[in-house]
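Me: I should like to learn how to read the features of a structure such as this one. May we go through them in turn?

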Amino acid sequence: MSNRIDTFGAVLLAIIWVSPLLFAVWAAFHSTSDAVNFTLLSPWTLDNFRTAWAGAPWFQYFINTFLLVTTVLIGQFVLTTLAGFAFAKLEFPGKDFVFILVLMQLFILPEVLIVENYAMVSRLGLFDTILGVGMPYMASAFGIFLMRQAFKSVPIELHEAARIEGCGLLGILWRVYVPLAKPTYLAYALVSVSTHWNNFLWPLIVTNSPDTRPLTVGLSIFGAPENGVDISVISAATRMSVAPLLLAFLLFQRQFVQAFLRAGIK
Amino acid sequence: MNSHVNLERRRQAIYGWLLLTPAMILLSIFAFYPSIATLWSSLFSRNTRRRPSEYVGGENYSDLFADPTFWLVVKNNLLYAGVTIPVSIAIALAMALWANSKISARGFVRTAYFTPTVLPMIAAANLWLFFYTPGLGVLDQIGGLFGLPTVNWLGQPETALWAIIIVTIWKEAGFFMIFYLAALQTIPEDLKEAADIEGASRWTYTRRIVLPLLMPTTLFIMVNALINSVKLIDHLFILTKGGPSDASKLILYYIWEMAFAFFDSPHAAAMTIMVLVVLGVVAAIQFFYIDKRTHYQ
């Protein structure tokens with residue numbers, strides 16, 4: 001009995017939770033007047049997608065977002081691997097102090113420092129470049145922390161064995177630690193990609209042209225009320241821009257959830 | 001022998017610092033230096049053509065304290081945090097308990113709860129625009145069925161912030177659910193069996209055993225939710241732009257507006273410093289209080 005109430009409650013909440021999404025899907029495939037009048041049996045159409053696709057350089061936005069998440073991810077992998085390894089396996093004076101500095105960055109949100117970071121990116125000549133959008137996120141304290149944890153759990157025997165084989169320190173890092181930390185890399189990659197795919201405020205500030213603008217910023221400009229685009233077309237555009245990530249999520253749901261868990265628990 | 005150990009130690013120190021250098025350079029450029037520069041520029045007046053920037057001490061801060069908009073924005077943000085944090089945590093807990101129980105539609109339920117998390121806030125805001133648009137939106141259509149008048153949810157000061165709050169809860173509850181789910185799976189089965197043998201009701205079991213065991217997770221989520229209540233503002237750009245008459249404006253949006261719409265970076269800097277101080281306090285609480293508690297678990 002109580003099980004049935006539970007099922008009912010859980011499913012009801014689930015339906016409420018996905019209804020905005022489902023409604024947007026439905027509206028995207030119907031004409032505006034049908035969508036706002038809830039003519040449930042009205043004909044399906046792809047017109048909204050055609051109009052939306054023609055209304056903005058979406059393809060370019062996709063490329064930009066793709067380049068952005070790739071740049072950020074590569075930068076993060078390199079920087080956090082090196083720093084995480086140093087924190088996990090090397091002893092040197094000043095290590096603890098620097099580690100506290102890194103931890104502090106967890107709370108100095110890049111979002112809050114937009115004014116000075118904007119000035120910095122301009123000074124470096126990176127304004128309106130994809131590198132400029134990605135750079136503040138590369139030395140992620142969170143990633144350093146994650147990698148440090150992963151490397152710490154690698155048994156020292158493997159390290160010693162590789163050294164006896166004549167491997168240098170970087171060789172050991174590359175041949176022993178990196179392969180063993182693969183699950184952590186995967187988890188971190190999923191979290192990083194979905195974060196930066198969805199990031200908005202910072203790209204809004206540092207991009208100024210369709211050649212660099214990511215999808216989120218493009219979508220916000222496209223959907224701005226002053227552009228007077230109608231609601232079904234916005235819906236279609238929204239659909240298009242979230243489709244790749246949503247599809248990836250539905251396909252790799254288990255890994256995705258695991259990734260967030262691994263990343264969150266630290 | 002001794003010289004060998006020394007050599008090894010020196011080698012490690014050199015390698016250690018070399019490996020850290022790239023990350024430290026970027027952290028300095030994009031976190032430490034900007035924090036200090038923000039503090040510095042919050043002490044100077046605005047650089048205009050007529051009057052060059054000069055040292056004004058705490059004047060930017062006292063300007064803000066005298067600015068009614070600032071206080072309105074602070075109040076909005078407190079309400080935003082005060083509602084979104086407990087409500088999304090409570091919903092997340094319910095979601096996790098359900099998604100972890102043995103019900104038939106579990107797969108669907110989990111996916112449904114978590115999906116909003118992978119959407120960009122901008123896209124989420126576009127979806128919700130559908131619900132809020134006066135006359136045409138879903139909410140008004142439903143209300144219309146019951147003969148209720150149309151409501152301009154986003155256009156009137158009494159409801160705008162609440163509309164924003166609902167979108168935030170919708171977006172983050174599923175994310176927090178994940179952490180609860182993970183914690184629930186670490187609770188051993190025999191506790192449930194023991195409770196059953198003792199004849200404890202399900203409610204007693206949940207309240208006396210599950211909830212206390214979830215306490216560290218709750219604290220962790222709370223810190224995350226608190227940080228989100230500062231930084232989750234993307235939907236404002238789509239839904240209300242902080243209006244009407246600042247009724248839904250939040251601090252980070254105000255900082256952005258101050259700096260990039262009014263070009264008044266000293267005041268934006270002063271506000272940024274205040275936010276950083278608040279975040280610093282949260283960080284300190286986490287380090288000294290929460291980490292200790294999680295340890296005892």
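Reply: Let us begin with contacts along the chain. The model is a predicted one. In chain B, of the contacts between residues at least 6 apart in sequence, 68% join residues at least 24 apart.

Me: Which elements make up chain B, from the N terminus on?

Reply: The elements run α-α-α-α-α-α-α-α-α-α-α-α-α, that is, 13 helices and 0 strands.

Me: What radius of gyration does chain B have, against that of a compact globule of 297 residues?

Reply: Chain B has 25 Å, whereas such a globule would have a radius near 19 Å. Along the principal axes, the C-alpha atoms of chain B fill a box of roughly 85 × 75 × 30 Å. Buried residues account for 40% of the 297 residues in this chain.

Me: How many residues of chain A are in contact with chain B?

Reply: On chain A there are 73, in contact with 71 residues of chain B. Helix H1 (residues 2-28) of chain A gives the most to the side of chain A that touches chain B, with 16 residues. That side comprises 53 nonpolar, 15 polar and 5 charged residues.

Me: Where is B:Lys241 found, and is this residue buried or exposed?

Reply: B:Lys241 lies in the loop between helix H11 (234-239) and helix H12 (251-260) of chain B. Its phi is positive, about 55 degrees, although the residue is not a glycine. A residue is buried if 20 or more other C-beta atoms lie within 10 Å of its own, and exposed if 12 or fewer do. B:Lys241 has 16 and is therefore partly exposed.

Note on methods
Residues numbered from 1 in each chain as written. Chains lettered and ligands numbered in written order. Predicted model: local features only at pLDDT ≥ 70, side-chain atom pairs only at ≥ 80, totals over all residues. Helix = DSSP H or I, 4+ residues; strand = E, 2+ residues; numbered from the N terminus. Rg over C-alpha atoms; globule rule 2.2 N^0.38 Å. Contact = placed C-beta atoms within 7 Å. Nonpolar A, V, L, I, M, F, W, Y, C, P; charged D, E, K, R; others polar.
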